[in-house]
Amino acid sequence: MTRLARPTLVAITLFAWLIGIAPASAKDYGTLGATWAIAEPDLLQVIRARLLAAQQSGALDAMNRKFVESAQASVRRPHAVAGITPASSDRHWSFDPSVTLAEDIRNARGAIIAAKGQRFNPLHVVGMAHSFAFIDGDSTDEVSWALKQGAADKLWIVLVKGSPTDRMSELKRRFYFDQQGVLTARFGIEHTPALLVQKGDALDLREVALPHGGATP
């Protein structure tokens, strides 16, 4: 620890005197007014008592059931991605996935693949194994559109709204969900349906205005 300079010690001493905490001048002034013993109950004991009462009344079991049901409902139907609407016109753009590296990237043998500070495009090293279709899972039009964009081993269908589990049960195909809109925000997708595919060193994206606007029946 760094030793305090003498002026600093003096300042601290003066401050202590001002707020009345200087220990060297402590003095017993006697008792002023009546005093009582502390009667506040122990917080942990209060919590234990309330939990026991809730358990005996069945309220604790009801709370647990409600929590489980809420968690299951969230898995079955996550919160819709905010701000995503059906496309009213076609839009097409390219996305460069290059990033500036914060540290070296090395292979399994320790050899540097890309150096810190370098502008690096991951598509130079590994290509995308799948394309992605982003849709409103409650829209039968958008679901039908997505199913025509590629087979399950080549295309991942990502919902921004709706229940992926319900669609999986119905269509016997895996569906994903853009939790908290991470992917749509990353790639600048504002409307559905949208398709993302790799084209060379970039990602090709397009939003498609369906004939019926992808409206939910």
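## Ile-47 and its surroundings

Ile-47 has a relative accessible area of 40% and is therefore partly exposed, since that class lies between the limits of 20% for buried and 50% for exposed residues. The model described here is predicted. Ile-47 belongs to helix H2, which covers residues 43–57.

On the surface, Ile-47 joins Leu-43, Leu-44 and Leu-51 in a nonpolar patch. Together, these four residues contribute about 390 Å² of accessible area.

## The six-stranded sheet

An open sheet is built from six strands with mixed pairing, and their order is E2-E12-E11-E7-E8-E9. The edges are occupied by strand E2 (91–95) and strand E9 (175–177). Each of these two has a single partner strand, so one side of each lacks a neighbour in the sheet. On average, neighbouring strands of the sheet are turned by 25 degrees against each other, with direction ignored.

At the E9 edge, the pairing with strand E8 (residues 155–161) is parallel and comprises three bridges. Val-158 has Tyr-176 in E9 as its bridge partner.

## Helices packed on the sheet

Helix H4, formed by residues 140–147, packs on the sheet and touches strand E7 (131–136), E8 and strand E11 (194–199). The direction of H4 makes about 170 degrees with that of E7.

Helix H5 (residues 164–171) also packs on the sheet, where its contacts are with E8 and E9. Between the directions of H5 and E9 the angle is about 175 degrees. Strand E8 is thus named among the contacts of H4 and among those of H5.

Terms used. Residues numbered from 1 in each chain as written. Predicted model: local features only at pLDDT ≥ 70, side-chain atom pairs only at ≥ 80, totals over all residues. Heavy atoms only, no water. Patch = residues over 30% accessible without salt bridge, like charges linked within 9 Å, V, L, I, M, F, W, Y side chains within 5 Å. Areas by Shrake-Rupley, 256 points an atom, 1.4 Å probe, with all protein chains shown as cover. Salt bridge = Lys/Arg side-chain N within 4 Å of Asp/Glu carboxyl O. Helix = DSSP H or I, 4+ residues; strand = E, 2+ residues; numbered from the N terminus. Buried < 20%, exposed > 50% of the residue type's maximum accessible area, 1.4 Å probe, protein only. Pairing = 2+ DSSP bridges. Axes fitted to C-alpha atoms, helices over the stretch in contact; angles between N-to-C directions. Contact = heavy atoms within 4.5 Å.
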